[in-house]
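Please work through the following exercises with the sequence and the coordinates at hand, and try each task before reading its solution.

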Amino acid sequence: MDKLYLLKTLLTIALLQTVLSTSLVASNILSIGQTQCTANQLVVVDISIDNGNQFVAFQVDIPIPNEFVYVSGSATLNSVRTNGHLLNATLLSGGTLRIFGYSFSNALFLGNTGVVASFQLASGSNPGYYALNATNAVI
């Protein structure tokens, strides 16, 4: 058998194996939905997870811009995605909101895409564009 042909065949097989194994790797992605509001208004902020792998809990820190105030007690889970889960929302020092959704029985969150939780912010009187960024997210 020709050595060059054998080398090409082996390289092709290795390349196909790499491509196929890379495309089969699933990932879980947490995102914060875009929203808008006017001055001195309540706004609902959605937290979504698109998951290729099943998960039982998530945690995320969201620094709240100075122009907004977290509405205490407003964080809720989306009943369509939950399975007896609990939610804890805590405003940390420095104005960062930590949201933690979990299950004592390690029950899986339902579905593969969509909103898992939401919370409310009260806007101030200064108009502008304010970013909400997910930090320290763990799924």
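**Exercise 1: aromatic pairs**

This predicted model holds six aromatic pairs. Take the rings of phenylalanine 55 and phenylalanine 109, and decide whether the pair is stacked, edge-to-face or tilted.

Solution. The ring centres of phenylalanine 55 and phenylalanine 109 lie 4.7 Å apart, and ring centres have to lie within 6.5 Å to pair. The two planes meet at 10°, and planes under 30 degrees apart count as stacked, so the pair of phenylalanine 55 and phenylalanine 109 is stacked. As a next step, place the partners along the chain: phenylalanine 55 sits in the loop between strand 2 (42-51) and strand 3, whereas phenylalanine 109 sits in the loop between strand 7 and strand 8 (115-123), so that the pair links distant parts of the chain, 54 residues apart. Both phenylalanine 55 and phenylalanine 109 are buried, and together with Phe58 they form one aromatic cluster.

**Exercise 2: strand 3 and its partners**

Determine which strands pair with strand 3, and in which sense.

Solution. Begin with strand 7 (residues 96-102), which runs antiparallel to strand 3 (residues 58-63) and is joined to it by six bridges; within this pairing, glutamine 59 stands opposite phenylalanine 100. Then turn to strand 9 (residues 135-138), which pairs with strand 3 over two bridges, again in the antiparallel sense, with aspartate 61 opposite threonine 135.

**Exercise 3: the salt bridge**

Find the residues that form the one salt bridge of the structure, and state whether each is buried, partly exposed or exposed.

Solution. The side chains of arginine 98 and aspartate 61 meet at 2.7 Å, N to O. Because arginine 98 belongs to strand 7 and aspartate 61 to strand 3, the salt bridge ties together parts that are 37 residues apart in sequence. For the accessibility, aspartate 61 has a relative accessible area of 3% and is therefore buried, while arginine 98, at 31%, counts as partly exposed.

**Exercise 4: the largest nonpolar core**

Which residues of the largest nonpolar core touch the most other members, and which strands each supply at least two residues?

Solution. The core has 21 residues, of which Ile47, Phe58, Val116, Phe119 and Leu121 touch the most other members. At least two residues each come from strand 1 (28-32), strand 2, strand 3, strand 4 (68-70), strand 7 and strand 8. To follow one member further, set aside the neighbours of leucine 121 within four places in sequence; the contacts of leucine 121 then include Leu42, Val43, Val45, Ile64, Phe68 and Leu132.

Technical notes: Residues are numbered from 1 along each chain as its sequence is written. This is a predicted model: local features need pLDDT of at least 70, side-chain atom pairs count only at pLDDT 80 or more; totals for chains, interfaces and linings use all residues. Side-chain values use heavy atoms; hydrogens and water are left out. Two strands pair if DSSP finds at least two bridges between them. Helices (H or I, at least four residues) and strands (E, at least two) are DSSP runs, numbered from the N terminus. Rings of Phe, Tyr and Trp (its six-membered ring) pair if their centres lie within 6.5 Å; planes under 30 degrees apart count as stacked, over 60 as edge-to-face and the rest as tilted. Buried means under 20% relative accessible area, exposed over 50%, partly exposed in between (1.4 Å probe, protein chains only). A salt bridge is a side-chain nitrogen of Lys or Arg within 4 Å of a carboxyl oxygen of Asp or Glu. A nonpolar core is a set of buried Ala, Val, Leu, Ile, Met, Phe, Trp, Tyr and Cys residues joined through side-chain atoms within 4.5 Å. Contact means heavy atoms within 4.5 Å.
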